[in-house]
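Trainee: I have not looked at this one before. Can we go through it together, piece by piece?
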Amino acid sequence: MPQQAAFYVTIAAMVVVAAVTMLAGLYGAKMRSTSNFLDAARTLGPRWNAAAISGQYLSAASFLGVAGLVLKGGVDALWYPVGFTAGYVTLLLFVAAPLRRSGAYTLPDFVEVRLGSARLRRICTTFVIIVGWLYLVPQLQGAGLTLHEVTHQPKWVGAAVVMVIVTFNIYTGWMHSITIVQAFQYWIKLTALAVPVFVLLIHHAAEQQPPRSSLNAPSPAFTHGMDITPDRDIVLNVTEPTTVKVIGTQDGHPTNGLVRWAPAEHKVTKGTMVHFEAGTRIPVITDAAADYGAWLRPLGAGKHPLLATYSLIVALLLGTMGLPHVLGRYYTDPDGSAARRTTLLVLALLGAFYLFPIVSGWLARLYVPELLAAGNTDAALLELPGAALGKWPALVLGGLIAAGAFAAFISAATGLVVSVAGVLSTDVLPGRLRGFRAATIAAWSVPLAFMLAVSSLDLAQGVGLAFAVAASTFCPLLVLGIWWRGLTDTGAAAGILLGGGLAFAAVLPAAAGILPPEWQAVLAQPAVFTVPLAFLTMVVVSRRTSDRVPGDVSRILLRLHAPDRLGLSEDRDFGQSGPRAGLTAAALPRMRGGRHRR
Amino acid sequence: MSFGGMSDDANGPDGDPWAALVKAAEEAAAKEQAAQQQSGQDSTIYPLASRIKSAKRERIVLAQRRNSRRVVRTLAELEDQTSVGEVLVRQLVRVQLMLSLRLMLLTVVVLGAIPVAFLLVPSLGTTTILGLGLPWLLLGLAVYPFFVAVAWSYNRGAERNEQDFAEMVEN
């Protein structure tokens, strides 16, 4: 893409997105005053809230990452969008309505309502922060990538820009997680993706040349001389003798000149420039399917594919309920039934959305297969219009996609930073507004530092790490807390520390990218081991400490499960300043008189 | 809707599990009330009464309810956590949990069977329908309406369980 024009078009598109969002924010600004805020938001209804949940949920991983993974892994990558969506099924079946009725706004709140332990609350807070940070890193990565693709600025610039915007939004409060604003985000993202995909599909159908998508088409070759400079260490699978010009390190040898590669795997170090002549077969990185046929088939790539697939499904299925920015959104549902209806709509909206990144990944395989050589598959969506269309359509559509991508990062990042900062300011840095602002900076500075230091995972995989830790900590907590009266605070703490600790210890080296590839598959998705372990630990330790079961557990369970119309669920006291201040209101019923029986 | 007293309509193939429960509950409650009145306590303080009156429910009542005290008393029992109330809550929780587990199992089995199917029957991986690969149609398209169907089925079932419980309490 011509750099100058692309830059201006993208900026223009982003300004339009920001303007639309700001208008939505102003419209919703009538609901500003604290006590009216939630009541007014609650009159919006499940359709708005579902769009808001989906809008905030569709982050960099969903927008760019899914297309990139489909480009790399073909059918096997489809488990990511399936898993992202299926998490809401689990949430609906086990968590949505009861959690709403508990009156809790955050996960630590729920823990306090259900088990009443301050120490457990602190442990939960720690893991909320861990999960939030793990989820933020890919957002920053995606932002850096997007800006880099469009303007060729170094990656940290995009990340810094997003964080500045997020901080500004949070400080001024005008774009602050309002339901209407987030609902608009969903429709903006959907449009930003659907329009280019439709155009590209029409273009593809109208192509005169022999179809690229035929199974008998030869493996793609570079159409013109191209330089590849990977931003991480990669291993290329070369299928025929290839001569390349290398400046840097390949196969461990510092090289400056022509090299003849035999058909084998060849290591290329980060930052090395490799120049391929026109007509050379495109080698692919080893964790991608080698040819189009393999790419179309399931289980085509990677070692231990079946176990990794199942572990990923477990993590995604069970981790959604543990993401910090998901639960708070249910607070704008007036009651448990509305929470259920909302979740059903979320499933429909997500399903409608994911069709487009999937189709994009397929188109990318046809039009930009050289990304497979660079290992830079996350850029698939951004590169696609330029590779397939003429100059001006590519500019416009590319700008649209970039704007949508930025909308994705900003909305997800805002939601995450608000959640993490909220938890930080309530539990770690006490004090009202000033504490919250300081917490905001703290909330993103650590992920930013991490992202700058290491940048080696694909976006969707990076997000998968957050899911794995969330699934190993908050899923057992929520499921057992809502459905089992025998849970004790000691049991919950033991399960969270063990499951979450192990999951975090496993994913951290994977996130840092310091693992050899064989270990990567196993450790990057530990959920299939850590989740059952966490459940088991919670149950066993709770049984052992059964004297610590809260005395009013029956009343709490009643509150969680009784139908809304009986009026038994407690809500936070909004008379005070904001939802988070109303902790005592939630604790009140437990101090009421009445007989306590186990 | 009922005209007072217990609802007589059958609640599905299980019959009416609540009826037997409530009968037992009434007997136990009668005993408890007798015991309380002996000890001088009046358990008939109904903190919920005002809340019930102010709840925004609209119901058309075609006849005066004969046992309105029972409504409030049952709710009070739920709130005060008598053994009666506890039994009712346990039953509700169990019914809801069974529903959730059933649907979760269905989802997991369907999702989990897909990789295994492709492993055991490799030809499935290359089958095409209307020119599109079967694995793509399954995982990229068909699962999403399946999720929505599961969700819709759950919502219906959960609402019905809750309605049964509420009606039982109110009648």
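Trainee: How many helices and strands are there in chain B?

Mentor: Chain B has five helices and two strands. Bear in mind that this is a predicted model.

Trainee: What order do the elements of chain B run in, from the N terminus on?

Mentor: The order is α-α-α-α-β-β-α.

Trainee: And what share of chain B is made up of buried residues?

Mentor: Of its 171 residues, 40% are buried. Chain B exposes about 9800 Å², and carbon and sulfur atoms supply 61% of that area. As for contacts between residues at least 6 apart in sequence, 72% of those in chain B join residues at least 24 apart.

Trainee: What is the mean pLDDT of chain B?

Mentor: The mean is 69, with 52% of the residues of chain B reaching 70 or more.

Trainee: Which elements of chain B have the lowest and the highest mean pLDDT?

Mentor: Helix α2 (residues 47-54) of chain B has the lowest, at 41, and helix α5 (residues 134-170) of chain B has the highest, at 91.

Trainee: Where in chain B does pLDDT stay under 50?

Mentor: One such stretch is residues 1-20 of chain B, for which the model has 24 contacts beyond four places in sequence. Residues 39-55 of chain B are also below 50, and that stretch has 20 contacts beyond near neighbours in sequence. Where pLDDT is low, the predicted coordinates should not be read in detail.

Trainee: Fine. What are the scores for the model, ipTM and pTM?

Mentor: The ipTM is 0.84 and the pTM is 0.79.

Trainee: On to chain A. How many helices and strands are there?

Mentor: Chain A has 24 helices and seven strands. Buried residues account for 61% of its 598 residues. Chain A exposes about 21300 Å², with 64% of it supplied by carbon and sulfur atoms.

Trainee: What does chain A average in pLDDT?

Mentor: Chain A averages 79, and 81% of the residues score at least 70. Over residues 573-598 of chain A, though, the pLDDT is below 50, and this stretch has 67 contacts in the model beyond near neighbours in sequence.

Trainee: Which domains does the assignment give for chain A?

Mentor: Domain 1 takes in 3-30 + 46-204 + 307-553, and domain 2 takes in 226-281. The C-alpha centres of domain 1 of chain A and domain 2 of chain A are 35 Å apart.

Trainee: What about the inside? Which residues in the largest nonpolar core touch the most other members?

Mentor: Those are Tyr57(A), Phe84(A) and Tyr88(A), in a core of 196 residues. Helix α17 (residues 391-428) of chain A gives this core its largest share, 19 residues. There is also a second, separate core of 17 residues, including Ile234(A), Val238(A), Ile282(A) and Ile285(A).

Trainee: Back to Tyr57(A). What does it touch, not counting residues up to four places away in sequence?

Mentor: Among the residues Tyr57(A) touches are Phe84(A), Tyr88(A), Tyr135(A), Leu323(A), Tyr354(A) and Phe467(A).

Trainee: How many disulfides does the structure hold?

Mentor: Zero, over all chains.

Trainee: Why is there no bond for Cys124(A)?

Mentor: Because the closest cysteine sulfur, in Cys475(A), is 13 Å from the sulfur of Cys124(A), which is too far for a bond. A disulfide needs the two sulfur atoms within 2.5 Å.

Trainee: Are those two cysteines buried or exposed?

Mentor: Cys124(A) is buried, at a relative accessible area of 0%, and Cys475(A) is buried too, at 1%.

Trainee: Now Leu23(A). Where is it found?

Mentor: Leu23(A) is in helix α1 (residues 3-28) of chain A. Leu23(A) is exposed, with a relative accessible area of 59%. From Leu23(A) to Val181(A) the C-alpha distance is 8.7 Å, with their places 158 residues apart in sequence.

Trainee: Last one, Pro46(A). Which helix is it in?

Mentor: Pro46(A) belongs to helix α3 (residues 46-57) of chain A. At 23% relative accessibility, Pro46(A) counts as partly exposed.

Trainee: And what does Pro46(A) touch, leaving out residues up to four places away in sequence?

Mentor: Pro46(A) touches Arg341(A), Thr342(A) and Leu345(A). Pro46(A) and Asp333(A) are 287 residues apart in sequence but 7.2 Å apart in space, C-alpha to C-alpha.

Key: Residues numbered from 1 in each chain as written. Chains lettered and ligands numbered in written order. Predicted model: local features only at pLDDT ≥ 70, side-chain atom pairs only at ≥ 80, totals over all residues. Heavy atoms only, no water. Buried < 20%, exposed > 50% of the residue type's maximum accessible area, 1.4 Å probe, protein only. Core = buried A, V, L, I, M, F, W, Y, C linked by side-chain atoms within 4.5 Å. Helix = DSSP H or I, 4+ residues; strand = E, 2+ residues; numbered from the N terminus. Contact = heavy atoms within 4.5 Å. pLDDT = per-residue confidence, 0-100. Domains from an automatic or database assignment. Areas by Shrake-Rupley, 256 points an atom, 1.4 Å probe, with all protein chains shown as cover.
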